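User: I'm new to reading protein structures. Could you walk me through one, feature by feature?

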Amino acid sequence: VLRDLKHLPKIIFTSVGYQSNEECKLIAAETTSSGGKFLIAQHGGGMGIYKHNQTEKHQIEISDKFYSYGWRKSGKKNIISMPSLQLSTFDYVKPQHNGYLINIMASLPKYFYCLYSVPIGPEYLEYIDLQKKLSILLKKDISNRLIHRLNGDNYGWDASNLLKERGLKTCNYSKPLKQQLNKSSLCISSSNGTAALQILSINFPTILY
C-alpha cells in the first residue's frame, strides 16, 4: 500500500477508516509518524452519551482533532464541538394522531467485539425480553399499535423472529425511517444511538426506553 503512494498526505480525515479500513490505518500511522495530522469525525450517536465506550476513548487518544456532535469532555482539548450534518439534515416529520408507536431497536452481535454501553453477547436476549415487558405494561389499545424496527438483522440472532415469538409486531427495517415515522404518533427509542438523536432533533414525540 505504502509503495503505491507518491507521497504521504499531510492530513488524514476520516470517520470510520480508523476502524474498518486497513489501508487507512497503515497510511495514518506513517503520516503521523512523519509529523502529519490525523483528524476523526464522530460516527455514531452513542458517542458522548454511553457511560463506557472503548472505541470513543481510543479515537480521542489517537487523533489530533476529534470533531464531536456538539459535546466536549473535561481535559480533552483535542475535541472540537461541531454541528452534525447527519442530524441537521434529517427532515421534519409530523406525528400522526392515533398512528403507530414505533420502537427503534438496536441490532447487535452475538459475540463480544468491543466494550461499550450496550447489551453484549447473550445480554441481547434480555434486551429482547425488555421489549415484551414494555408491551405488557402498556394498555391493550396502545400495545396493539406498537411496532418494532430493528437496525438491520445481520448478526445471527434472527431478532425479527425472536420478537415475533414473543407476540411482538415488527416493521420492515429496509424502508426509510422517515417513511415509517410518517405513520406514527410516538417514537420509543430503546437504543441510545444515532436514530434517537435524529428523531429528537426534529422535535418528534420521543420516549427513551
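Analyst: Let's go from the overall picture down to single residues.

Analyst: Before we start, this is a predicted model, in which local features need pLDDT of at least 70 and side-chain atom pairs count only at pLDDT 80 or more, while totals for chains, interfaces and linings use all residues. Residues are numbered from 1 along each chain as its sequence is written, and side-chain values use heavy atoms, with hydrogens and water left out.

User: Okay! How many helices and strands does the protein have?

Analyst: Helices (H or I, at least four residues) and strands (E, at least two) are DSSP runs, numbered from the N terminus. Here you get nine helices and nine strands. The C-alpha atoms fill a box of roughly 65 × 35 × 35 Å along the principal axes.

User: What share of the residues counts as buried?

Analyst: Buried means under 20% relative accessible area, exposed means over 50%, and partly exposed is in between (1.4 Å probe, protein chains only). Of the 209 residues, 42% count as buried. As for the outside, the protein exposes about 12,500 Å², with carbon and sulfur atoms supplying 53% of it; such areas come from the Shrake-Rupley method with a 1.4 Å probe, and for residues only the protein chains shown count as cover.

User: And what share of the contacts comes from residues 24 or more positions apart?

Analyst: A contact means heavy atoms within 4.5 Å. Among contacts with a separation of 6 or more, 59% are between residues 24 or more positions apart.

User: Now the sheet. What is the order of its strands?

Analyst: Two strands pair if DSSP finds at least two bridges between them. This open sheet has five strands in the order β7-β6-β5-β8-β9, with parallel pairing. β7 (169-170) and β9 (206-208) stand at the edges with a single partner strand each, so one side of each has no neighbour in the sheet.

User: Which strands does β5 pair with?

Analyst: β5 (residues 100-104) is joined to β8 (residues 184-189) by five bridges, and Y100 stands opposite S184 there. Four bridges link β5 to β6 (residues 146-149), where L101 stands opposite L146. β5 is also mostly covered, with four of its five residues buried. Further along, β8 and β9 share three bridges in the parallel sense, and C187 has T206 as its bridge partner in β9.

User: What's a nonpolar core, and which residues have the most contacts inside the largest one?

Analyst: The general idea first: in soluble globular proteins, nonpolar side chains tend to be buried together. A nonpolar core is a set of buried Ala, Val, Leu, Ile, Met, Phe, Trp, Tyr and Cys residues joined through side-chain atoms within 4.5 Å. The largest one here has 16 residues, and M105, L108, Y116, Y124, I128, L150 and L163 have the most contacts inside it. The elements giving it two or more residues are α5 (123-137) and α7 (159-165). If you set aside neighbours within four places in sequence, L108 is in contact with Y116, V118, P119, Y124, Y155 and W157. There is also a second, separate core of 14 residues, which includes Y18, C24, F66 and I79.

User: Let's try single residues. Is S190 buried or exposed?

Analyst: S190 is buried, because its relative accessible area is 9%. You'll find S190 in the loop between β8 and α9 (194-201). Not counting residues up to four places away in sequence, S190 touches N103, I104, M105, Y127, Q131 and Y209. T194, in helix α9, is buried too, with a relative accessible area of 18%. Leaving aside neighbours within four places, T194 is in contact with G44, G45, Q86 and L87.

User: What about N98: what is its phi, and where is it found?

Analyst: N98 has a positive phi of about 60 degrees although it is not a glycine. N98 is found in the loop between α4 (85-88) and β5, and counts as exposed because its relative accessible area is 53%. D158 has a positive phi of about 55 degrees and is not a glycine either. The place of D158 is in the loop between β6 and α7, and at 44% relative accessibility D158 counts as partly exposed.
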